[in-house]
Amino acid sequence: MKGQVMKTENTEQNIIDENKIYSILHKGSKYSSQEILDILKSARDLKGLNMDSVSALMTVEDETLLNEIFKTAKEIKNKIYGQRLVIFAPLYVSNLCNNECTYCAFRAGNKNIKRVALTQEQIQDETLHLINEGHKRVLLVAGESYPQNKFEYILHAVDSVYKTKHANGEIRRVNVNIAPLDLAQFKELKKRDIGTYQLFQETYHKATYKDVHTKGKKADYDYRLTAMDRAIEAGIDDVGIGVLFGLYDWKFEVLALLQHTQHLENKFGVGPHTISVPRIEPAGGSSYSLNPENAVSDSDFKKLIAILRIAVPYTGIIMSTRENSELRSETFALGVSQISAGSRTNPGGYSDENADAQAQFSLGDHRCLDEVIKDIASMGYFPSFCTGCYRLGRTGADFMDLAKPGDIRNHCDPNAISTFMEYLMDYASDETKSAGLKAIEKACKTMEPIPAQRSRKFIEKIKSGERDVYC
Ligand code: SAM
Ligand code: SF4
C-alpha cells in the first residue's frame, strides 16, 4: 500500500480528505470488545455510522465479534429491505473506448479485441432478449467513446430500450453506467427518463488513480469525482457510486465512500441511491487484472459489505455477476439489496451467444435468470423487478424521507410481490414457478398487515391478467 498523504486544498471540489482518512486509519486497533459492541448497539437504530466507528469495525478480526457485525448487518437489512432482492441485467451497448484503464479489456491500447458499437436495431434485439427472459430493469453500459464521437448515441440507445415491447414485457427502468458528462449532457440524459446514473470512482486514492488511468479523459480524477454533483444539479437525483476493489487498500476506500456519501448528503440533502462493490476480475489484454496489487480476500469482502450496510442503512448495495453464486448468496444476508442476473458483458452477447465482441471481464456467476430466481426463492428471498418509486417520482430526497422511518416497505413489499408474480406467470419454468409461489405465500404470511393486504390484492390482479400493478 502506498501511504502517501496527499495535500488537500479547501475547495468545494475537495470531496475526499485523504489526510483525515489516514489519521482515522492510523488510530489502529485500539478498540475493546465492549467498544465494538457499543457501536453495533447504537447502529441498530438505523442512523448509520461516522468514520471513526466504521474504522473501528474494520479493525475487527476476532471471530465472535465479526459474527456480531454480520448479525447486526443482517438485522438492519431485514428491517429496511426484508427479504427483497432487486434484480437487473447489464446491457453493454459498446466497447469503444479512448481511455487506458490498466484493469479493463476495453482499454484503448488493447488492440486484440473486436470493437463493436451496437446499432439501434441491435440494441432493440438485445433488449427483446432481456424482456423475454423476464427482465424489467436494465443497466446500460458503454466504454468512453461513441460512434462519430456523438454522445447522442447513448440518448438514442436509452430510447431504443424503452421503446422495445413484447407481449406483456417491457423494460421499465433504464439505469446508466457511462463516463462522466458535463452539465448540459446530464440534462439531456435526465430528459430520457433514466433511473439511476451510476459511476464508480474506481479508487478514491489520487496517486493510485493516476497510476492506473494513464490516458484519455478518465485520467482526470477531479472531473470524475465531481460527476455526481453535476448529475444531481441536472436533476438526476438517484446516483450510484462505487469502488473497484483491488486497486488500493480497501479500508481507505470504504472511508472514502463514506466521505463521498457525506458530501452528497451535506450538499444536496440526500446521499447516493446505491453503492456498488465490484472486485477486479480477470480481463482479456490486462495483465494487471490477473494479479491486482490490493486484491481483497473473500473474508474482508464480506466484512466490508456488512460494515457498509451498517454505516449507510438506506443506500442500496449492488452485487454483480462478477462474483460466484456461493459468495453472492452469502452477501444477501450481509446487506446486498440489488443483484444482476443472467449477465453478458460483451456487446451483442444476449441475442447472439457466439458474438465475438470482447467481454469486459470474466464472470463468476453464469446462471440464467430462471435459475437465479429459483435459487433465491428457495433461500427464502423474493426477487423484485419493481420500478414503482422512480415512476411515481419517489426519487432522491423524497425516496429517502419515505425510506427512513421504514414506511417504504408498505410500497416495496407489495410491488416486489406483484412483479415477482408477473415473472412467475409470464416467464418462469415450472420448477421456478412452484418454488416462487411457495416463497410468495410465505412472504405474505410474515408481512405487516398493510403490505400483506396490498400484496394479496396485487396477486389477484396479476392472476386475472392485469400487469404493471404498483403503489
Ligand atoms: N466506461 C465507463 C467507466 O469506465 O466508467 C463505464 C462503463 S465501465 C464498462 C463499468 C465499470 O466496469 C468500471 O467503472 C469498472 O469499475 C468496471 N471494470 C472494469 N474492468 C473491470 C475488471 N477487470 N473487473 C471488474 N470490473 C471491471
Ligand atoms: Fe474504458 Fe470504462 Fe474500461 Fe476504462 S473501465 S477502459 S473507461 S470501458
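The following legends describe close-up views of a predicted model.

**Figure 1. Confidence along the chain of the predicted model.** The chain has a mean pLDDT of 92, with 96% of its residues reaching 70 or more. Over residues 1-12, by contrast, pLDDT stays under 50. For this segment the model has 28 contacts beyond four places in sequence.

**Figure 2. Surroundings of ligand 2.** Ligand 2 occupies the largest cavity. Its shell comprises C97, N99, C101, C104, F106, R107, G143, K218 and Q360. By residue class, this shell around ligand 2 consists of 4 nonpolar, 3 polar and 2 charged residues.

**Figure 3. Environment of D238.** D238 is located in the loop that lies between α10 (227-233) and β7 (239-242). Its relative accessibility is 4%, so D238 counts as buried. Beyond its neighbours within four places in sequence, D238 contacts R173, G195, T196, Y197, H273, T395 and G396. N78 is 160 residues from D238 along the chain, and the C-alpha atoms of the two residues are separated by 22 Å.

**Figure 4. Environment of I280.** The loop between β8 (274-276) and α12 (287-290) contains I280. I280 counts as buried because its relative accessible area, 12%, falls under the 20% limit. When residues up to four places away in sequence are not counted, I280 touches Y103, L244, F245, G246, L247, Y288, S289 and P292. One of these partners, Y103, is 177 residues from I280 along the chain, with a C-alpha separation of 7.4 Å between the two.

Terms used: Residues are numbered from 1 along each chain as its sequence is written. Chains are lettered from A and ligands numbered from 1 in the order in which they are written. This is a predicted model: local features need pLDDT of at least 70, side-chain atom pairs count only at pLDDT 80 or more; totals for chains, interfaces and linings use all residues. Side-chain values use heavy atoms; hydrogens and water are left out. A residue is near a molecule or strand if one of its heavy atoms lies within 4 Å of it. On a 1 Å grid over the protein atoms alone, a cavity is a set of points where a 1.4 Å probe fits but cannot get out, and a pocket is an open set with protein on both sides within 12 Å along at least five of seven lines; lining residues have an atom within 4 Å of a point. A molecule sits in a cavity or pocket if more than half of its atoms lie within 2 Å of its grid points. Ala, Val, Leu, Ile, Met, Phe, Trp, Tyr, Cys and Pro count as nonpolar, Asp, Glu, Lys and Arg as charged, and the others, Gly among them, as polar. pLDDT is the predictor's confidence in each residue, from 0 to 100. Contact means heavy atoms within 4.5 Å. Helices (H or I, at least four residues) and strands (E, at least two) are DSSP runs, numbered from the N terminus. Buried means under 20% relative accessible area, exposed over 50%, partly exposed in between (1.4 Å probe, protein chains only).
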